[in-house]
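Here is a walk through the sheets, the core and the open spaces of this structure. Have the model open as you read.

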Amino acid sequence: MTDAPPLEIHDLTVAYHKKPVLWGIDLVVPRGKLVGIVGPNGAGKSTLIKAAMGLMPISSGWVKVFGEPVKKNLTRIGYVPQRESVDWDFPVSVMDVVLMGRYGHLGLLRRPSKQDRDIARESLDKVKMLPYANRQISNLSGGQQQRVFLARALAQESDLYFMDEPFAGVDAATEAAIVELLHELKARGKTLMIVHHDLPTARSYFDMLLLLNMRVVAFGPTNEVFTHDLLQSTYGGRLTILSEVAEAVREKG
Amino acid sequence: MNVLVPDFDFHRVFIAPWTENLASFGWITLMGFLVTATCGWVGNFLILRRMALVGDAISHSVLPGLAVAFLLSQSRGTLPMFLGALVAGIVATVLIELIHKKSRVKQDAAIGIAFTSLFALGVILINLYAGKGGVDLDQECVLYGEIAFVPLEPMVMVGGQILGPIPVVRMGFVALATALLIALFYKELLVSSFDPALAVSLGISATFVHYALMGWLSVVVVSAFESVGAILVIAMLILPGATATLLSHRLPVMLGLTLLHAALSAVLGIHLALWLDCSPAGAMVVAGTLIFVAAWIFSPSEGLLRRWFRARLEAPAVGSS
């Protein structure tokens, strides 16, 4: 459509109760990249993607999505929140949840059409959850819940995806399935921003890494950014994590 | 013993209300059903949003709104009362948010502060101005309601046909409007209740849905006031949805079960009231509670009985021989 980058953030500052959580974030994410957002707890990883989507008030700076303010391009954004952010006892079926991904494309007063249902069904099929379509969501395992969230994001048919720790607490089979799906989306020209907690796998999963600790420590291709020095300045003096980092870097060398 | 529990007269309790006394008991039962069903439908969403207590708060906060609306308009007409309730409900909602967000007071405490103070303000306003200016707001009625008086209200006539007593017709309209609103905005209600962050990322304002729901809740509560009062209305908001939660995991089915609960509460309640010669509204709530307890025990999926049997089956048979 345009050559505008999927995500452009300039001088973004976000504060919680007057305490800054993110400080002077400048970022231009190129199209068709699989970007991992890593950093210690409290680094503002989730806050960054929420602020980028306009889910929380920002203190200063601006965010543009495909060259437009976020509010104008909401249908081009897909979102996978943290799995624990919702109540899985909620009285809806797997299909109902995936159909929610279509709501952004429907206007007010419009119900999901047959076409929306078809898209939802295809999305479920891609994450191998179609047989569960009519299940109540409380009967799902953690990995299955995450797949449902991914199917919902697929049903959004967006161009820029934000995912908040999609690998947290899932089984190995689901983890592999998610990685495969992310690469497929990337191959279709989608841009993906993934909050990730695990350093060793971050290196193999993502094309680009955003090292975050309240501010952007580094942003670039994984092999350039995943260095001892940069990781150390991201994670600061946290000893346990530092040794983990050392381990990860050694594996790389 | 007969002094404590009145004699059970089958004809008086079960036959008369549907035969010679149908003209009055029919309206009372219908009113009970409409109030419970409408409150129950809105209540389902309150329960899903873990806002059952907010329903409690709104039902009390509406009182000063009614008093102010009455003072300003000098009438107890439907429109001023609805507007007063609507404004009061929104004010209560804003107040709760404000206390919660702008101080270190947590939300449950904020609810406690907002609704008690608004309710107290309402009590003072009614005390000061009740009886002055011709028409009065009856405190008893506001607190406890008087569903038994429903058949005595003037009838609404349409084209020579009797439609029903004013409160019943009004409640019928509110019930229809509630069903219509839920049907029209089902997806917005659903997604903002399940996953507010996703809703906002889809361009659906979770905040707007919240205030709209609170506003409509105020309208529902005030139209239920007259018959069940500010206190029992809380039971009507929570019991049907809570019962439905025990019996189904599908929201549309739960909304259907809510209607069933409302109908059973109204019918069982009116018979209970006739037997014990007590307030029909109170009896309907007691009936609704009994239905809830029955669902709790007998629910086929996760009732106490089912769980007990399952535990028995899974437990190893130790020392059985």
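Two strands count as paired when DSSP finds at least two bridges between them. Keep that in mind for what follows, and also that this is a predicted model.

**The four-stranded sheet**

Let's begin with chain A. One of its sheets is open and has four strands, in the order β2-β1-β4-β5, with antiparallel pairing. Its edges are β2 (19-29) and β5 (68-69) of chain A; each has a single partner strand, so one side of each is left without a neighbour in the sheet. Further in, β1 (residues 7-16) and β4 (residues 60-65) of chain A run antiparallel to each other and share five bridges. If you want a spot to look at there, take A:His10, whose bridge partner in β4(A) is A:Trp62.

A helix goes with this sheet: α1 (residues 45-52) of chain A lies across β1, β2 and β4 of that chain, at about 115° to β1(A).

**The six-stranded sheet**

Chain A has another open sheet, this one built from six strands in the order β6-β7-β8-β3-β9-β10, and here the pairing is mixed. At the edges you'll find β6 (77-80) and β10 of chain A, each paired on one side only. From one strand to the next, the twist averages 15°.

The mix shows up when you go through the pairs. β6(A) and β7 (residues 160-164) of chain A pair in the parallel sense over four bridges, and A:Ile77 has A:Leu160 as its bridge partner in β7(A). By contrast, β9 (residues 208-213) and β10 (residues 215-221) of chain A are antiparallel, with six bridges. In that pair, A:Leu210 is matched with A:Phe219 of β10(A). The hairpin of β9(A) and β10(A) has one residue between the strands, and A:Met214 there takes a positive phi near 65°.

Two helices lie across parts of this sheet. Helix α5 (residues 172-187) of chain A lies across β3 (34-38), β7 and β8 (191-195) of chain A, at about 150° to β8(A). Helix α8 (residues 228-235) of chain A lies across β3, β9 and β10 of chain A, at about 35° to β9(A).

**The core**

Now for the nonpolar side of things. The largest nonpolar core has 162 residues, and those with the most contacts inside it include A:Leu7, A:Leu48, A:Ile137, A:Phe162 and A:Met193. Which helix gives the largest share of this core? That would be α10 (residues 206-247) of chain B, with 19 residues.

A:Met193 is a handy place to zoom in. Setting aside its neighbours within four places in sequence, A:Met193 is in contact with A:Leu7, A:Leu27, A:Val29, A:Val35, A:Ile37, A:Leu160, A:Tyr161, A:Phe162 and A:Met163.

**Pocket and cavities**

The largest pocket holds about 1,800 Å³ of space. It has 47 lining residues, and the closest to its centre are A:Leu55, B:Glu97, B:Lys101, B:Pro196 and B:Thr207. Elements giving two or more residues to the lining are β1 and α1 of chain A together with α4 (78-102), α8 (186-194), α9 (196-201) and α10 of chain B. The largest share, six residues, comes from α4(B).

As for cavities, a search of the whole structure turns up two of 30 Å³ or more. The second largest has a volume of about 40 Å³. Its lining draws on both chains, with A:Leu74, A:His105, A:Gln156, B:Ser201 and B:Leu202 among the residues.

**A few loop residues**

A:Ser93 sits in the loop between β6 and α2 (94-100) of chain A. Not counting residues up to four places away in sequence, A:Ser93 touches A:Ala133, A:Asn134, A:Arg135, A:Gln136, A:Ile137 and B:Arg250. Is A:Ser93 buried or exposed? Buried, because its relative accessibility is 5% and the cut-off is under 20%.

Two other loop residues, neither of them glycine, have a positive phi:

| Residue | Phi | Loop | Relative accessibility |
|---|---|---|---|
| A:Glu157 | near 45° | between α4 (142-155) and β7 of chain A | 43%, partly exposed |
| B:Arg50 | near 55° | between α2 (22-48) and α3 (52-73) of chain B | 67%, exposed |

Definitions and conventions:
Residues numbered from 1 in each chain as written. Chains lettered and ligands numbered in written order. Predicted model: local features only at pLDDT ≥ 70, side-chain atom pairs only at ≥ 80, totals over all residues. Heavy atoms only, no water. Core = buried A, V, L, I, M, F, W, Y, C linked by side-chain atoms within 4.5 Å. Buried < 20%, exposed > 50% of the residue type's maximum accessible area, 1.4 Å probe, protein only. Contact = heavy atoms within 4.5 Å. Axes fitted to C-alpha atoms, helices over the stretch in contact; angles between N-to-C directions. 1 Å grid on protein atoms, 1.4 Å probe; cavity = no way out; pocket = protein on both sides within 12 Å on 5 of 7 lines; lining within 4 Å. Points joined across faces, edges and corners; volume = space filled by probe spheres on them.
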